[in-house]
Amino acid sequence: MSAKDSMAKEYFADNARFADLCNNILYGGREVILPENLKERDTTEVLTALGLDKKTIAMQKLRDIFKNASIKYTGKSYVVLIGVENQSDIHYAIPIKNMFYDVMAYGNQVKETAKKHRKDKDTTTSDEFLSGFTKEDKLIPVITITVYLGTKEWDGPRKLSDMFGDVDEELLPFIPDYRINLLAPREITDFTGFRTSIRQLFEVLKNAYDKEKMQEVLQNDEKFSRVDKRDSRGNQPVCRNGYRHR
């Protein structure tokens with residue numbers, strides 16, 4: 001992992017910024033996901049399957065950031081799993097990359113559920129036994145957010161179907177699609193929904209190639225003079241672009 005990617009991972013892993021990021025893209029900036037209701041998860045996704053030769057194949061992927069989010073909203077409580085993937089450059093196969101992460105996360109939930117049923121011996125039908133999953137079992141939803149930190153305009157695919165060539169329109173309803181959740185600073189028109197130093201970081205990225213606009217942002221936005229001095233844990237100071245001083 002490059003130094004830039006490592007810094008981005010550390011920066012967005014902070015619960016206050018992670019919640020700020022998620023609230024902006026998922027809830028339009030409303031403070032629904034709270035930092036104190038986030039819990040770290042293992043970022044290593046491992047899934048095993050049987051190959052054509054009946055030998056076990058192990059697949060492993062390493063996410064950037066992965067957290068449990070307990071959400072209380074509209075009088076109900078929910079739990080979702082949220083992953084954030086940082087992209088310094090445009091990835092022209094990003095739907096496949098993110099879809100694989102999500103499939104592995106769901107596959108692991110089924111695997112752990114089946115493991116528990118085998119231990120408890122509580123499946124009641126042959127269908128449940130073979131599935132490793134009962135009618136009453138439920139999956140925790142998985143959301144993957146791609147944060148594009150490049151300064152070029154994103155021209156990569158935003159859904160799986162963007163990667164297809166010509167397809168008979170009559171077949172499209174039968175082909176599952178997959179849409180990415182992309183957050184690209186250059187596409188943001190209103191930064192007021194951000195409540196942490198993410199706002200200043202994204203404003204800088206949006207105007208990186210426009211010196212006049214950059215100067216205007218730095219001079220006119222008073223928040224640049226009081227960017228977070230410390231992160232939500234109260235330790236290392238944070239510099240103007242939001243990354244910690246080294």
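**Figure 1. Strands β4 and β5 pair as an antiparallel hairpin in this predicted model.** Strand β5 covers residues 76-87, and nine bridges join β4 to β5. The two strands run antiparallel. Strands of a sheet pair through backbone hydrogen bonds, and the pairing may be either parallel or antiparallel. Two of the residue pairs across β4 and β5 may be located in this view. I65 stands opposite V84 in β5, and the bridge partner of Y73 in β5 is K76. The hairpin has two residues between its strands. At T74, the backbone takes a positive phi near 50°.

**Figure 2. Five strands form an open sheet with mixed pairing.** The order across the sheet is β1-β4-β5-β6-β7. Which strands stand at the edges of the sheet? The edge positions belong to β1 and β7; each has a single partner strand, so one side of each is left without a neighbour in the sheet. From one strand to the next, the twist averages 30°. In a regular strand, the side chains alternate between the two faces of the sheet. Helix α3, which comprises residues 94-120, lies across β4, β5 and β6. Relative to β6, this helix runs at about 150°.

**Figure 3. A salt bridge joins K67 to E40 across strands β4 and β1.** Strand β1 (residues 38-40) is joined to strand β4 (residues 65-73) by three bridges, and the two strands run antiparallel. Within this pairing, E40 stands opposite K67 in β4. Their side chains also form a salt bridge, in which the closest N and O atoms are 2.3 Å apart. The pair links distant parts of the chain, since K67 in strand β4 and E40 in strand β1 are 27 residues apart. Is K67 buried or exposed? With a relative accessible area of 0%, K67 is buried, because the term applies to values under 20%.

**Figure 4. A salt bridge between E31 and R195 links two loops.** A search of the whole structure finds eight salt bridges, and one of them is shown here, formed by the side chains of E31 and R195 with an N to O distance of 3.3 Å. Side chains of opposite charge can pair when their charged atoms come close. E31 lies in the loop between α2 and β1, whereas R195 lies in the loop between β7 and α5 (198-206). The two residues are 164 residues apart, and the pair links distant parts of the chain. E31 has 55% relative accessibility and therefore counts as exposed. R195 is partly exposed, with a relative accessible area of 49%.

**Figure 5. D120 and K116 meet in a salt bridge within helix α3.** The side chains of these two residues approach to 2.8 Å, N to O. How many residues apart are D120 and K116 in the helix? They are four residues apart, which means that about one helical turn separates them. K116 is exposed, with a relative accessible area of 52%, while D120 is partly exposed at 37%. Elsewhere, salt bridges that share partners join R63, E85 and D102 into one network.

**Figure 6. N24 is a buried residue of helix α2.** Helix α2 comprises residues 15-27, and N24 is found in this helix. The relative accessibility of N24 is 17%, so N24 counts as buried. Not counting residues up to four places away in sequence, N24 touches G29, L183, G193 and F194.

**Figure 7. T123 occupies the loop between α3 and α4.** Helix α4 comprises residues 126-131 and follows the loop that holds T123. T123 is partly exposed, with a relative accessible area of 22%. Leaving aside neighbours within four places in sequence, T123 is in contact with H117, E128, F129 and T134. F133 is 10 residues from T123 along the chain, and the C-alpha atoms of the two are separated by 8.3 Å.

**Figure 8. Six residues form a nonpolar patch on the surface.** The patch consists of I96, M163, F164, L171, L172 and I175. Together, these residues have about 460 Å² of accessible area. Where does F164 lie? F164 is in the loop between β6 (142-148) and β7 (181-183). At 33% relative accessibility, F164 counts as partly exposed.

How values were computed:
Residues numbered from 1 in each chain as written. Predicted model: local features only at pLDDT ≥ 70, side-chain atom pairs only at ≥ 80, totals over all residues. Heavy atoms only, no water. Patch = residues over 30% accessible without salt bridge, like charges linked within 9 Å, V, L, I, M, F, W, Y side chains within 5 Å. Areas by Shrake-Rupley, 256 points an atom, 1.4 Å probe, with all protein chains shown as cover. Salt bridge = Lys/Arg side-chain N within 4 Å of Asp/Glu carboxyl O. Buried < 20%, exposed > 50% of the residue type's maximum accessible area, 1.4 Å probe, protein only. Contact = heavy atoms within 4.5 Å. Pairing = 2+ DSSP bridges. Axes fitted to C-alpha atoms, helices over the stretch in contact; angles between N-to-C directions.
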